[in-house]
Amino acid sequence: MTKIRDNSFLKRFGENLRRLRESKGLSQEELYFRANLSKNQVGNIERGEVNTTISTAYALAQALEIKVSELFLFE
């Protein structure tokens with residue numbers, strides 16, 4: 001069976017989210033409030049602990065005022 005979840009990808013996605021959030025001068029609290037997410041969700045995503053959904057990625061992008069594709073622009 002093929003491994004579907006790549007934990008290193010989740011970690012890099014989270015690191016990129018943190019970088020984008022900090023570049024906008026937002027705290028995790030401000031971001032989860034703007035994106036209408038649960039309190040711990042942003043931290044869990046930034047640490048690469050959860051595999052987020054497309055709708056959550058969209059909400060994060062809207063809250064950061066960026067295109068969804070920017071969340072995936074990392075090496």
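Student: Leaving aside its neighbours within four places in sequence, which residues is T56 in contact with?

Tutor: A good place to start, with the reminder that this is a predicted model. Once those sequence neighbours are set aside, T56 is in contact with L37, Q41 and I45. T56 itself is found in helix α4.

Student: Is T56 buried or exposed?

Tutor: With a relative accessible area of 9%, T56 is buried, because anything under 20% counts that way. The side chain of T56 also has a polar partner: a contact of 2.9 Å joins it to the side chain of T53.

Student: Before we go on, what is the mean pLDDT of the chain?

Tutor: The mean is 94, and 93% of the residues reach 70 or more. As a general idea, where pLDDT is low, the predicted coordinates should not be read in detail. Here, confidence is lowest in α1, at a mean of 96, and highest in α4, at 98.

Student: Let's turn to charges. How many salt bridges does the count come to?

Tutor: The count comes to 4 salt bridges. It helps to read them together, since R18, R21, E22 and E46 are linked in a network of salt bridges.

Student: Which residue forms a salt bridge with R18, and how far apart are the closest N and O atoms?

Tutor: That partner is E46, and the closest N and O atoms are 3.3 Å apart. This pair links distant parts of the chain, with E46 in helix α3 and R18 in helix α1, 28 residues apart. Their surroundings are worth reading too: E46 is buried, with a relative accessible area of 1%, whereas R18 is partly exposed at 28%.

Student: And with which side chains does R21 meet in salt bridges?

Tutor: One of them is E22, at 4.0 Å from N to O. Another is E46, at 2.6 Å from N to O. The pair of R21 and E46 again links distant parts of the chain, this time 25 residues apart, with R21 in helix α1 and E46 in helix α3.

Student: Are R21 and E46 buried or exposed?

Tutor: Both R21 and E46 are buried. For R21 the relative accessible area is 7%, and for E46 it is 1%.

Student: Now the aromatic side chains. How many aromatic pairs does the count come to?

Tutor: There are 2 aromatic pairs. To read such a pair, look at the distance between ring centres and at the angle between the planes. The rings of F9 and F74 have their centres 5.3 Å apart and their planes at 50°, so this pair is tilted.

Student: Where do F9 and F74 lie in the chain?

Tutor: F9 lies in helix α1, which covers residues 7-23, and F74 lies in the segment after α4, a helix covering residues 54-64. The pair therefore ties together parts that are 65 residues apart in sequence. F9 is partly exposed, with a relative accessible area of 33%, and F74 is partly exposed as well, at 22%.

Student: How far apart are the ring centres of F13 and F72, and at what angle are their planes?

Tutor: Their centres are 5.1 Å apart and the planes are at 50°, so this pair is tilted. F13 lies in helix α1 and F72 in the segment after α4, so the pair ties together parts that are 59 residues apart in sequence.

Student: What are the relative accessibilities of F13 and F72?

Tutor: F13 is at 5% and counts as buried. F72, with a relative accessible area of 40%, is partly exposed.

Student: Last topic, the backbone. What sign does phi have in most residues other than glycine?

Tutor: Most residues other than glycine have a negative phi. N36, although it is not a glycine, has a positive phi of about 55°.

Student: Where does N36 lie?

Tutor: N36 lies in the loop between α2 (28-35) and α3 (41-46). N36 is exposed, with a relative accessible area of 70%.

Student: And what is phi of E65 near?

Tutor: Phi of E65 is near 60°, a positive value in a residue other than glycine. E65 is found in the segment after α4, and with a relative accessible area of 66% E65 is exposed.

Notes:
Residues numbered from 1 in each chain as written. Predicted model: local features only at pLDDT ≥ 70, side-chain atom pairs only at ≥ 80, totals over all residues. Heavy atoms only, no water. Phe/Tyr/Trp six-rings, centres within 6.5 Å; stacked < 30°, edge-to-face > 60°. Helix = DSSP H or I, 4+ residues; strand = E, 2+ residues; numbered from the N terminus. Buried < 20%, exposed > 50% of the residue type's maximum accessible area, 1.4 Å probe, protein only. pLDDT = per-residue confidence, 0-100. Polar contact = N/O pair within 3.5 Å; in protein donor to acceptor, adjacent residues only side chain to side chain. Contact = heavy atoms within 4.5 Å.
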